[in-house]
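Thank you all for making time this morning. I would like to walk you through one structure, and I will try to define my terms as I go.

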Amino acid sequence: MNKNMNSSIAVLLLALWPSASAFVSPSATSCSLPSSFRMPSTSTQTLFMAKSKTKKKKPAASSGGLKGFGGSSKSSTKATAAAGSIDRSKAALKFYNYLERNGAEANLKRVGLGYFPLQIGPSEKDIIQLRGVIALRDIPKGEPIIEIPYEMAIDLGRESSDPTLPATSFLQKYCVWKSDSDGPPSDKERGDYFAMLPEYLSSDCLGSTDFFSDEALEMLQSPLIKEETLSRKDLVHLRYERDVETMAEMSSNLYRWSEEEVATESHLQWASWIITSRVLTVQGPPESGIANRLLIPLIDMCNHDRDIPHILTGRAMTGATLKVVAGVDVKAGDAINISYGGSVEGNDRFIQDYGFLDGGGSKERGKSEVAEAYKIVARKLTGRNRALTKLTVDDQERALEALKATTLEEDEEMLNSGKITNNDERAAIEFRIGMKKALAGLL
């Protein structure tokens, strides 16, 4: 789950819901985990704390780690390689301190937050900096990359298909920090983590169909996505009226977005997107048979790559450790990505839940004109993969018929005309172009 996202970023590696070991893979209808930060190599660099005025020695390339990080330089980032850079902004440094205060300091010897250049267009100017997690040293296959104590995660309760319930809990905690209102000290302590989440109405969340205009929803040419999006908005509306608005009227300290403003329905919509895009579903104790929804700092900042075999493991129980274990050898300077949706979800889910279109995993990029994330949806619509298809024949026929409203050539001409400037509308056209190409390869 942050990043500067717009409609052109169709190849984003981004918010999450991986499956592995004790982690539970989400279904298309269940409440999901990032966005990406829904956010943004060969050698590494240590960031040293300015404890004295003595001259600091230049760090050796082999001495990875962020323990001892300190004051930021004039630039918020420091280059570590041609491909990546370490984030040393004030917000990042506070987050590193937050990890250290809560028993996760060992991670700072292995990883940090970083920026990676991402090509989003044909020219040299079409490059953005995508924030994610960067390796500070070589990490062999089988070794932990990230280790977070369960107690550091925000446990939002049992898994269910409704993201609005945990969203109310998260929003209340977030408001305590944001408005500095009365509340549990633990919520204010999490402020350095909250500050790293995608902001309300940032470009990250606006990439999700939850925030699309009515016109953009129509331009998707997907009645199934439109109907689910509107249903999700209805859930937010009902939850806001029943819980947030009522509780805010009962207590002046609850759901205070600022001193002057109570959290609105739009704020709850954002909080629900945070849940959908960033929460990991993690199994509890072996004998319990239950799974809980967790926000896990640092792990939820890993970007998406469906081809990455890193393993997420751990349990939602006291004393447990939630881990990302290297599925392949990691080199210093590498981006630490994980696979959202267990590598089985398509772009119908990505554009709704995470706010981006998956342009292909690291192994497939450049080898196929049509990304696997589109092919997955095409196979569902045509019944080619019954293991994944949960659609009725009527739903399949409606979805296929809607895509016939325009031709592929007309869509490409429209996208390239320069007349479509709204990001949500451009993303909608990119989605239907990808779908038509994927269907052409099957039919």
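I will go through the aromatic pairs, then a small sheet, then a helix contact, and finally two single residues.

Before that, please keep in mind that this is a predicted model, in which local features need pLDDT of at least 70 and side-chain atom pairs count only at pLDDT 80 or more, while totals for chains, interfaces and linings use all residues. Residues are numbered from 1 along each chain as its sequence is written, and side-chain values use heavy atoms, with hydrogens and water left out.

Let me begin with the aromatic rings. A pair of aromatic rings is described by the distance of the centres and the angle of the planes. Here the rings of Phe, Tyr and Trp (for Trp, the six-membered ring) pair if their centres lie within 6.5 Å, and planes under 30 degrees apart count as stacked, over 60 as edge-to-face and the rest as tilted. On that basis, a search of the whole structure finds 18 aromatic pairs. In one of them, Phe170 and Trp270, the ring centres are 5.8 Å apart and the planes stand at 45°, so the pair is tilted. This pair links distant parts of the chain, since Phe170 lies in helix H2 (residues 164–179) and Trp270 in helix H8 (residues 265–278), 100 residues apart. Helices (H or I, at least four residues) and strands (E, at least two) are DSSP runs, numbered from the N terminus.

Are these two rings buried or exposed? Buried means under 20% relative accessible area, exposed means over 50%, and partly exposed lies in between, with a 1.4 Å probe and protein chains only. Phe170 has 0% relative accessibility and therefore counts as buried, and Trp270, also at 0%, counts as buried too. Both belong to one aromatic cluster, whose members include Tyr174, Trp177 and Trp257.

Turning to the sheet, three strands form an open sheet in the order E6-E8-E7, with antiparallel pairing; two strands pair if DSSP finds at least two bridges between them. The edge strands, each pairing on one side only, are E6 (154–158) and E7 (280–283). Four bridges join E7 to strand E8 (residues 291–295), and the bridge partner of Leu280 in E8 is Leu294.

My next topic is a helix contact. The axes of helix H10 (residues 372–382) and helix H13 (residues 423–442) come within 8 Å and cross at roughly 65°; axes are lines fitted to C-alpha atoms, for helices over the stretch in contact, and angles run from 0 to 180 degrees between N-to-C directions. Contact means heavy atoms within 4.5 Å. Among the residues that meet are Tyr374, Val377 and Leu381 in H10, and Phe431, Met435 and Leu442 in H13.

Finally, I come to the two single residues. Leu171 is found in helix H2 and, at 0% relative accessibility, counts as buried. Leaving aside neighbours within four places in sequence, Leu171 is in contact with several residues, including Tyr255, His267 and Trp270. Leu171 and Leu254 are 83 residues apart in sequence, and their C-alpha atoms are 9.8 Å apart in space.

Asp162 sits in the loop between E6 and H2 and is buried, with a relative accessible area of 17%. Not counting residues up to four places away in sequence, Asp162 touches Leu235, Arg239 and Arg293.
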